[in-house]
Structures are given as C-alpha cells and as structure tokens.
Amino acid sequence: MGVVNVTPDSFSDGGAFDDAAQAIDHGRRLAAEGAGILDVGGESTRPGADPVGVEEELRRVVGVVAGLSTVARVSIDTMKLSVAEAAVDAGATYVNDVTSFRHDPELAGFVADRGLDCCLMHMLGEPRTMQADPRYVDVVSEVKAFLTERMEAAVRAGVPEERIQLDPGIGFGKTIEHNLELLRRLHELTDLGRPLVIGTSRKSFLGRITGRDVTERVHATVATCVMAFERGATVFRVHDVAAVSDALKVANATVAGWPTSPRTTTTTT
Ligand code: HH2
C-alpha cells in the first residue's frame, strides 16, 4: 500500500504532493514500483495535527482519487463519511479509517452498502493529544481487544468480516516501547483471523532509534516491514514502495522457498 498524502502538513512528505497533478504522478510512480493499493489522504493524522474541514479535504483528494483509480486500486484515508462517499464515487474501493468508524459511525453502514473493503486501526485517544503519556498494562492484549470490538461493531453494521483488515496503529497513542512490543509480538494478532496491515513507514520511533531525519528512514522502515512480514502482516503501508517491495520479495522467497508465488492478500472489489 503506497502512501499518497495530498496535504501541506503530513509528517514526512507534507507539501511535497499537495498539488493534484504532482500527487497523481507520485501515485503512478508508486504503482510502477509495486504498490497494489494507493492510499490517498487529505488530512494529516500526525501527533498534534489540526483537523481539516470537509470542503478542504474534498478539494484535496477527489481529483487525485479519480486520476489514480485507473492506475491501481485506490484506498481513501479518511474518517469522514462525506469524504469517503465522494472518493468512492471517484473510484476508491477501500476505506482506511484511523478511527475505526468511531468518528463517523455511519461510515460503517456506507462501507457495508457499497461492498467496500476497509482497514480498522487502533488509536488511543485522538491525533491532537494521543502522544501525551499513553499508557497500557499490556499493549498487545489491549490493542487486540480493541480491534475485536471494532470488528464486531463493523459486522453489526453489515460489513462482512471478509471485507475487514486490521492494523495495530503504530505511533497512534504509543511510546517507542509500545511500538516495538507490538512489532515483536505482532503474530499474536493473527488469531483475529483477518489480514494485518502495518504502518511503520518513516515514523518518529525509527528516528529515535537511528538518529535519522524523516526522509532518511527507509532502511529502518524496511527492517520493520520484514519483521512484520515474518510475524504475519500482509499489507504494508509505506512511502518508499520500491525498497520495501524488494525487501519483501526476498523475505518471502526465504520464508516460502524459491521459486514461489508471492504471499499476498486477495481482496475483491
Ligand atoms: N499512519 C498514518 C496515516 N494513516 N493508516 C493506517 N491504516 N495505518 C497507519 O499506520 C497510518 C494510517 C500516518 O502516516 P502518514 O499518512 O504518512 O502521515 P500523516 O498522517 O501526517 O499524513
């Protein structure tokens, strides 16, 4: 899953692709590098980010979704029903909601009615305050219980279980220790029986460990994706698709044997 942020303020690429034509070019490049899904977002969820109004988010994403929907499968990264509706009309077939339908509960019914796939992600608190002293007794079991509860809520709203993917939400209300423990024990989330999405790409805990600036965290990102792959993740939300794609091909050949067909998540539209 390649990240296409159409925002002025995203933590790692804010402002780089906030013009629609640049964002479409970027998405094309990520698809050529191996992304099967392009995740288009118009609102930063970095710690401390200010919320974006509906009109502005629509202005940012709709043309980009339309421009990329013939290139690859498009996911809309939004917590708002009205943005998801417009994005799906423009060609998106997957909803990536970092609030797991808590911000806009009606989004679940929309996903169900339109037969979309979705990603439900764990977040403690909300983006503005989530990094202020997050605490858990056992981060893995608490994330697992949350994802179970959100999956049940989505199923109650009519979303078939096979349309749901789950994400532990690396960096969303978590310290560096929480992030590392989730990665180390990621295999415990495979019991949930759904594809696991992992989003470590360029995140600040990698900068804390390596001392690298945000644009120099590709090697660190690759390390986390390979470890997550071994522990059962099947969808990798990344900015640096070419590097991660090569690394995962090698990891897959090593684990599954060579020659082999790639281990992928099959989702239908
Ligand atoms: N991380 C970000 C945004 N959306 N969605 C999922 N499912 N998982 C993630 O880990 C995730 C996500 C944050 O990264 P980015 O989009 O690069 O930054 P920003 O939120 O500042 O735009």
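**Exercise 1.** How many salt bridges does the structure hold? Then work out which parts of the chain the pair Asp 138 and Arg 185 ties together.

*Solution.* The structure, which is a predicted model, holds 17 salt bridges. In one of them the side chains of Asp 138 and Arg 185 meet, with N to O at 3.0 Å. Asp 138 lies in the loop between strand 5 and helix 5, and Arg 185 in the loop between helix 6 and strand 7, so the pair ties together parts that are 47 residues apart in sequence. Next, consider exposure: buried means under 20% relative accessible area, so Arg 185 at 19% counts as buried, whereas Asp 138 at 25% counts as partly exposed. Finally, Asp 138 and Arg 185 belong to a network of salt bridges that also includes Glu 181 and Glu 188.

**Exercise 2.** Determine what the side chain of Lys 174 meets, given that Lys 174 is buried yet has no salt bridge.

*Solution.* Begin with the place of Lys 174, which is in the loop between strand 6 and helix 6. The nearest side chain of opposite charge, that of Asp 167, is 7.2 Å away, and a salt bridge requires the nitrogen and the carboxyl oxygen to be within 4 Å. Then turn to polar partners: the side chain of Lys 174 makes a polar contact with the side chain of His 122 at 2.7 Å, and the backbone oxygen of Gly 169 lies 2.7 Å from a polar atom of the Lys 174 side chain. Lys 174 also touches further residues, among them Met 123, Tyr 136 and Leu 182.

Notes:
Residues are numbered from 1 along each chain as its sequence is written. This is a predicted model: local features need pLDDT of at least 70, side-chain atom pairs count only at pLDDT 80 or more; totals for chains, interfaces and linings use all residues. Side-chain values use heavy atoms; hydrogens and water are left out. Helices (H or I, at least four residues) and strands (E, at least two) are DSSP runs, numbered from the N terminus. Buried means under 20% relative accessible area, exposed over 50%, partly exposed in between (1.4 Å probe, protein chains only). Lys and Arg count as positive and Asp and Glu as negative; His and the chain ends are not counted. A polar contact is a pair of N or O atoms within 3.5 Å; within protein, one must be able to donate a hydrogen and the other to accept it, and residues adjacent in sequence count only if both atoms are side-chain atoms. Contact means heavy atoms within 4.5 Å. Lists of a residue's contacts leave out its neighbours within four places in sequence.
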